[in-house]
Amino acid sequence: MQSSAQTVSPLIAGLRCRCPRCGQGKLFVNVLNMRDRCDACGLDYKFVDTGDGPAVFAIFILGFLCIGGALVAEFEFGVPWWVHVMLWGILTPLLAVFLLRFLKALLIALQYKNKAEEARLSKE
Ligand SMILES: [Zn+2]
């Protein structure tokens with residue numbers, strides 16, 4: 001039996017912030033708040049438990065990009081200090097929100113596809 005989970009790529013669902021089962025329904029109410037269920041297929045999002053995963057990945061990726069960018073701006077172009085403040089003060093929060101949204105949707109899609117959940121000793 002082929003499930004619909006195999007037809008939706010977790011990467012595409014993550015990039016589009018869509019339902020991990022049907023790839024159509026929106027995952028978020030606004031920026032980072034989850035909906036209760038999928039509007040298109042009715043998948044209940046109660047199973048979602050990404051924990052700190054998206055934040056950890058976002059910190060590592062963003063730290064590399066922003067510190068690397070600041071070093072290049074300083075030593076390649078010699079920009080004044082106020083350009084650093086303006087550039088990284090605006091770019092870092094924007095990139096953080098984008099990355100958190102994408103990574104949260106990606107980890108939800110991967111959790112759904114791989115049926116990841118807490119280990120249990122017996123079936124209830
Ligand atoms: Zn759906």
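## Helices, cysteines and a pocket

Helix H2 has 25 residues, and its first and last C-alpha atoms lie 35 Å apart, close to the 36 Å expected at 1.5 Å a residue. This is a predicted model.

H2 has these buried residues: Pro54, Ala58, Leu62, Cys66, Ala70 and Ala73. Helix H3 is part of what covers them. An α-helix has 3.6 residues a turn, so residues three or four places apart point the same way. Just past the end of H2, Gly78 has a positive phi of about 60 degrees.

H3 runs over residues 81-114. Its 34 residues should span 50 Å at 1.5 Å a residue, and the end C-alpha atoms are 47 Å apart, which agrees. The buried residues of H3 include the aromatic side chains of His84, Trp88, Phe102 and Tyr112. Leu99, Leu103, Ala105, Leu106, Ile108, Ala109 and Gln111 are buried in H3 as well. Their cover includes helix H1 (10-16) and helix H2 (53-77). Directly after H3 comes Lys115, with a positive phi of about 50 degrees.

Now H1. Ala13 lies in this helix. Its relative accessible area is 3%, so Ala13 is buried. Beyond its neighbours within four places in sequence, Ala13 is in contact with Val8, Arg18, Cys19, Ala105 and Ala109. Of these contacts, Ala105 and Ala109 are also among the buried residues of H3. Ile61 is 48 residues from Ala13 along the chain, and their C-alpha atoms are separated by 20 Å.

The loop between H1 and H2 holds Thr50. Is Thr50 buried or exposed? Thr50 counts as buried because its relative accessibility is 17%, under the 20% cut-off. Leaving out residues up to four places away in sequence, Thr50 touches Lys104, Leu107, Ile108 and Gln111. Ile108 and Gln111 are themselves buried residues of H3.

Cys17 also sits in the loop between H1 and H2. Cys17 is not a glycine, yet its phi is positive, about 55 degrees. Most residues other than glycine have a negative phi.

Three cysteines can be set side by side by accessibility.

| Residue | Relative accessible area | Class |
|---|---|---|
| Cys17 | 8% | buried |
| Cys22 | 23% | partly exposed |
| Cys41 | 29% | partly exposed |

How many disulfides does a search of the whole structure find? The search finds zero. A disulfide is a covalent bond between the sulfur atoms of two cysteines. Cys22 is partly exposed because its relative accessible area, 23%, falls between the cut-offs of 20% and 50%. The 29% of Cys41 puts that residue in the partly exposed class too.

Last, the pocket. Rolling a probe the size of a water molecule over the atoms shows where empty space is left. The largest pocket has a volume of about 240 Å³. Which residues line the largest pocket? The lining is made up of Phe47, Asp49, Gln111, Lys115, Ala116, Glu117, Glu118 and Arg120. By class, five of the lining residues are charged, two are nonpolar and one is polar. Two lining residues have appeared above. Gln111 is a buried residue of H3 and a contact of Thr50. Lys115 is the residue with positive phi just after H3.

How values were computed:
Residues are numbered from 1 along each chain as its sequence is written. This is a predicted model: local features need pLDDT of at least 70, side-chain atom pairs count only at pLDDT 80 or more; totals for chains, interfaces and linings use all residues. Side-chain values use heavy atoms; hydrogens and water are left out. On a 1 Å grid over the protein atoms alone, a cavity is a set of points where a 1.4 Å probe fits but cannot get out, and a pocket is an open set with protein on both sides within 12 Å along at least five of seven lines; lining residues have an atom within 4 Å of a point. Grid points are joined across faces, edges and corners, and a volume is the space filled by probe spheres set on the points. Ala, Val, Leu, Ile, Met, Phe, Trp, Tyr, Cys and Pro count as nonpolar, Asp, Glu, Lys and Arg as charged, and the others, Gly among them, as polar. Helices (H or I, at least four residues) and strands (E, at least two) are DSSP runs, numbered from the N terminus. The expected span of a helix is 1.5 Å times one less than its number of residues. Buried means under 20% relative accessible area, exposed over 50%, partly exposed in between (1.4 Å probe, protein chains only). Contact means heavy atoms within 4.5 Å. A disulfide is a pair of cysteine sulfur atoms within 2.5 Å.
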